[in-house]
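Please look over the sequence and the model shown here. The paragraphs that follow walk through some of its side-chain contacts, one region at a time.

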Amino acid sequence: SAEDIIQMLLAECAAGGVARRQPCPVKAVRRAGDGFELDTDGGTVRAPRLVVATGGLSIPKIGATDFGFRLAGQFGHRVVPTRPGLVPLTFATADWAPFVPLAGVSLEVGIEAGSGKARGRFVEDLLFTHRGLSGPAVLQASNYWREGEPLRLDLAHGHALADELLAAKQGSRRQLGTELAERLPRRLAEAWLAARPGWAARPLAEMRDAELRELAASLQAWKIVPDGSEGYRKAEVTLGGVDTRELNQQTMESRLVPGLHFIGEVVDVTGWLGGYNFQWAWASAAACARGMAAGLQGSGSGI
């Protein structure tokens, strides 16, 4: 649990003699000789090195702010423009009206967003909501989606739907709606056929081959253009941040300001779902700490 992780980190801090000041808002940061000075609610803090681990803009209700990005800019760093990542996508009310009754329906899909080298393809679970699409499939794709571009979805992933319907047509006495509901969640099958009046109740044997192919293509090559996202309040991560080209990749130290380090989500590094962003937070912190420790050892100072 999150509480277990917090307790583990606090135990490690105690074992390492870490001094914690919480809460302790930082009002200003400036260069002071070869080190730094911080004006805080608890007085002035001086240190030879400063590590910025302030996270991104996601989930502001737990305290996320742009402080780290402003601090990077103050010291001359380029900040790659930020936007919400791993976030549900929303659609214009009129465009989404036919799909509102599907809220709560979940299924595995193939999904694609973006283009060229910035293209993401995933096979994950999709969730219909009252405002749009969510679930792991859309969260993954949101990192690649850009405003005005469509999502491309295969709602019958794992099926050769046209071939299956054409084969089932031979000698079948079943209705099309019944046959389709065996391959999709029933509510989705019903909603899809509702856009084609009369199709659901038609005997499969009476459907023209071209009609079945069109139906299959509409499900397995569905394109729909989001009008936005649920924003930082629902985003799991923040895309963008401190430009990695201006940081030493071994120590996370600024190439512009000696002694200044940036780690975690404040940096322009974003991973997929599945623990990759936690891994980046831990790994960048470890690289930074080892780099600082090596510098102290090299200077003959204690750690």
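Which side chain meets that of Lys-169 in a salt bridge? The partner is Asp-209, with an N to O distance of 2.8 Å. This is a predicted model, and the values below are computed from it. Lys-169 belongs to helix 5 and Asp-209 to helix 8, so the bridge links distant parts of the chain, 40 residues apart. The two ends of the bridge can be described by their accessibility. Lys-169 has a relative accessibility of 15% and is classed as buried because the limit for that class is under 20%. Asp-209, at 33%, is partly exposed.

Helix 5 is a good place to continue. The helix runs over residues 161–169, and its buried residues are Leu-161, Ala-162, Leu-165, Leu-166, Ala-168 and Lys-169. How are these buried residues placed around the axis of helix 5? Viewed down that axis, they fall within an arc of 165°, and therefore they line one face of the helix. Asp-163 and Ala-167, on the other side of helix 5, are exposed. What does the buried side pack against? The buried residues of helix 5 pack against helix 6, residues 176–180, and helix 8, residues 209–220. Helix 8 is also the element that holds Asp-209, the salt-bridge partner of Lys-169. Just after helix 5 comes Gly-171, which takes a positive phi of about 75°.

Salt bridges occur elsewhere too. How many does the structure hold? The count is 21. One of them joins Glu-112 and Arg-152, whose closest N and O atoms are 3.1 Å apart. Glu-112 is in strand 7 and Arg-152 is in strand 10, which spans residues 151–154, so this pair ties together parts that are 40 residues apart in sequence. Arg-152 is partly exposed at 22% relative accessible area, whereas Glu-112 is buried at 17%.

The surroundings of Glu-112 can be followed further. Strand 7, in which Glu-112 is found, covers residues 106–115. The side chain of Glu-112 also makes a polar contact of 3.0 Å with the side chain of Arg-121. Which residues touch Glu-112 once its neighbours within four places in sequence are left aside? They are Arg-119, Gly-120, Arg-121, Pro-150, Leu-151 and Arg-152. Both Arg-121, the polar contact partner, and Arg-152, the salt-bridge partner, appear in that list.

Another salt bridge connects Arg-245 with Asp-243, with the closest N and O atoms 2.8 Å apart. Is each of these two residues buried or exposed? Arg-245 is exposed, with a relative accessible area of 61%, while Asp-243 is buried, at 4%. Salt bridges also link residues into a network, made up of Glu-164, Arg-174, Glu-179, Glu-182 and Arg-183.

The next topic is the aromatic rings. A pair of such rings is described by two values, the distance of the centres and the angle of the planes. The structure holds 12 aromatic pairs. One of them is formed by Trp-96 and Phe-99, with 4.9 Å from centre to centre and 40° between the planes, and this pair is tilted. Trp-96 is buried at 1% relative accessibility, and Phe-99 is buried at 14%. Trp-272 and Tyr-276 form another pair, with centres 6.4 Å apart. Why does this pair count as edge-to-face? Its planes stand at 80°, and an angle over 60 degrees places a pair in that class, so the pair is edge-to-face. Both of its members are partly exposed, Trp-272 with a relative accessible area of 41% and Tyr-276 with 48%.

Trp-96 and Phe-99 also belong to an aromatic cluster. The other residues in this cluster are Phe-91, Phe-128, Trp-192 and Trp-222.

Some rings have a charged group over them. Where does Arg-31 lie relative to Phe-36? Arg-31 lies over the face of Phe-36, at 4.6 Å from the ring centre. Likewise, the charged end of Arg-196 sits over the ring of Trp-199, at 5.8 Å from its centre.

Terms used: Residues numbered from 1 in each chain as written. Predicted model: local features only at pLDDT ≥ 70, side-chain atom pairs only at ≥ 80, totals over all residues. Heavy atoms only, no water. Phe/Tyr/Trp six-rings, centres within 6.5 Å; stacked < 30°, edge-to-face > 60°. Buried < 20%, exposed > 50% of the residue type's maximum accessible area, 1.4 Å probe, protein only. Lys NZ or Arg CZ within 6 Å of the ring centre and 35° of its normal. Helix = DSSP H or I, 4+ residues; strand = E, 2+ residues; numbered from the N terminus. Polar contact = N/O pair within 3.5 Å; in protein donor to acceptor, adjacent residues only side chain to side chain. Contact = heavy atoms within 4.5 Å. Arc of directions from axis to C-beta. Salt bridge = Lys/Arg side-chain N within 4 Å of Asp/Glu carboxyl O.
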